[in-house]
Amino acid sequence: QSRFSTLRPAQTDGPFALDAAFRADTDPRKVNLIIGAYRDDREEPWHLPSVTEAKRRLKVEHSHHEYLPLQGSPKFVEASRRVLFGPAIVQQQQPFLASIQTVSGTGANSLVAVFLEQEHLRPTNIWLPNPTWINHADIWKVNAPNVKMQWYPYYDDAKRELDFGAMVETLQRDCQEHDAILLHACAHNPTGRDPSQRQWRELAQLCLKKRLFVIFDSAYQGFASGDLDSDAWAIRHFVSYPSIELAVCQSFSKNLGLYGERVGALHMMVSRSNPNGANLAAAVQDNLIDLQRACVSMAPLFGSRIASEVLGNSDLEEMWKADLSTMSGRIKAMRSALHDELLQLRTPGSWDHITEQTGMFSYTGLSKEQVEELQLKHHIYLLPTGRASMCGVTSANVSYIARAIHEVVS
Ligand code: PLP
């Protein structure tokens, strides 16, 4: 007799299970379009020159391994606010802002869910886009079991575009006042389709009218357009409405290439039109610290040291901006190369969405069967939904990928 006898095997996160299958594949032609991590044109993880230089300056072999304060590294938290909101907003809104260093973006998403699960703060529903990052649903299921998960339509499969009409119609009709809504700040994962500025304006109005609590997930700032400010436009626009209260889950995994170091932050902004706003922000800050203390105590030290060094020195920050252009530029070039190859091959269907989408992923529109065939016959691995990480495409394998796609759709 065991207390564990009722357990069923858990389903490993799809991309990670598929990645294991890729590793086991011995075919030399194999291509990995699964995991959302940047690769250079030789399919290798890229050491960002700004990060390499930061590590050199930090003389890491001599640094200590003490605990961080519960709020995280003050230098890191201050720099992460500035990158996200821009110096002007930070200066004006500082009293209304609570920020805590987290175990990267996942930790920030989990912490905001734990925070909202508290009975006196609990929304009836959390609205997630359909589709969304594979982990969002599990994060909310585990951390906020009493908040009902609801889905708003996001993507028109036939047109391969954002389905803004259906999204707004559903939210207008079905959201209850004070519900929470999750929005991807840029480079929506998995579809690569973001609202336009006009559409973001409309969404801000809707959230204001319905008094929604807005949660931005910002995992790709600077990675989508190559420009940190453009990729934060939506967040900064929402902040311009004093009564919208919001949270931002910020990750430095992708844009600093610090995936395994778990560097991120959660920022919460209380109403700027409430005369008691500054006290409320202080209470939010204390509560976030308390909750994170119970979950993980504090975020890890090493990666935040690197991030603080890069973000805190103007010459390194300039290097980082160049690194962001390198990464986003290579992805854009690979989008164009794949698109052009498919056009040259006269592959049936339209492929313009590959170049129109933004960020790390392409939602290719390939069916589950076509994806299976790509894997079995051509050793090309992507998610069953047809999501391909463009980071796995290189100048050396792009023709091979295009010919394989041509074969499975023809
Ligand atoms: N949010 C989105 C939309 C993501 O795509 C990811 C990673 O793929 C994350 C959050 C969290 O990543 P991390 O926990 O590495 O910061």
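# A walk from helix α15 to the central sheet

What covers the buried residues of α15 includes β12 (380-381) and α16 (398-409), so to speak the first view of this tour. Keep in mind as you click around that this is a predicted model.**Stop 1: α15**

Select residues 368-378, which make up helix α15. Which of its residues are buried? They are V371, L374 and Q375. Look down the axis of α15 and you'll find these buried residues within an arc of 90°, so they line one face of the helix. That fits the usual geometry: an α-helix has 3.6 residues a turn, so residues three or four places apart point the same way. Now spin to the other side of α15, where E369, L376 and K377 are exposed. Step off the end of α15 and you land on H379, which has a positive phi, near 60°.

**Stop 2: the seven-stranded sheet**

Next, show the strands. Seven of them form an open sheet with mixed pairing, in the order β2-β10-β9-β8-β7-β3-β4. Color β2 (97-103) and β4 (148-153): these stand at the edges with a single partner strand each, so one side of each has no neighbour in the sheet. Going from one strand to the next, the twist averages 20°.

Zoom in on β7 (residues 180-184) and β8 (residues 213-218). They pair in the parallel sense, over five bridges. To pick out one of the bridges, click A180 and then its partner in β8, F213.

Move across to β9 (246-251). How does β9 pair with β8, parallel or antiparallel? Parallel, over five bridges. Here V214 has L246 of β9 as its bridge partner. With β10 (263-269), β9 pairs in the antiparallel sense over six bridges. Select C249 and you'll find L266 of β10 opposite.

Stay on β9 and switch on its side chains. L246, V248 and Q250 point one way, while A247, C249 and S251 point the other way. This is the pattern to expect, since in a regular strand the side chains alternate between the two faces of the sheet. Six of the six residues of β9 are buried, so the strand is largely enclosed by the rest of the structure.

**Stop 3: helices lying across the sheet**

Bring the helices back. Residues 74-85 are helix α3, which lies across β2, β8, β9 and β10 and runs at about 110° to β2. Then try residues 164-174: this is helix α7, lying across β3 (125-130) and β4, at about 140° to β4.

Go back to α3 and click F85, which is found in this helix. Is F85 buried or exposed? F85 has 23 C-beta neighbours inside 10 Å, so it counts as buried. Leaving aside residues up to four places away in sequence, F85 touches V90, R236 and V239. Add D229 to the selection too: F85 and D229 are 144 residues apart in sequence, yet their C-alpha atoms are 8.4 Å apart in space.

**Stop 4: α12 and its surroundings**

Select residues 302-311, helix α12. Nine of its 10 residues are buried, so α12 is largely enclosed by the rest of the structure. The buried ones are G303, S304, R305, I306, A307, S308, E309, V310 and L311. What do they pack against? α2, α3, β2, β10 and α13 (314-344).

**Stop 5: α2 and its two helix contacts**

Now show α2 (residues 49-58) together with α12: their axes come within 9 Å and cross at roughly 105°. That makes α2 roughly perpendicular to α12. To light up the contact, select S50, V51, A54, K55, R57 and L58 on α2, plus R305, I306, E309 and V310 on α12. Color this contact by class and you get five nonpolar residues, one polar and four charged.

Swap α12 for α13. The axes of α2 and α13 come within 8 Å and cross at roughly 150°, which means α2 is roughly antiparallel to α13. On the α2 side the contact is made by P49, S50, E53 and A54, and on the α13 side by L316, M319, W320 and D323. By class, this contact has five nonpolar, one polar and two charged residues.

Definitions and conventions. Residues numbered from 1 in each chain as written. Predicted model: local features only at pLDDT ≥ 70, side-chain atom pairs only at ≥ 80, totals over all residues. Pairing = 2+ DSSP bridges. Helix = DSSP H or I, 4+ residues; strand = E, 2+ residues; numbered from the N terminus. Axes fitted to C-alpha atoms, helices over the stretch in contact; angles between N-to-C directions. Contact = placed C-beta atoms within 7 Å. Buried ≥ 20, exposed ≤ 12 C-beta atoms within 10 Å, placed from the backbone. Arc of directions from axis to C-beta. Parallel < 35°, antiparallel > 145°, perpendicular 65-115°, else oblique. Nonpolar A, V, L, I, M, F, W, Y, C, P; charged D, E, K, R; others polar.
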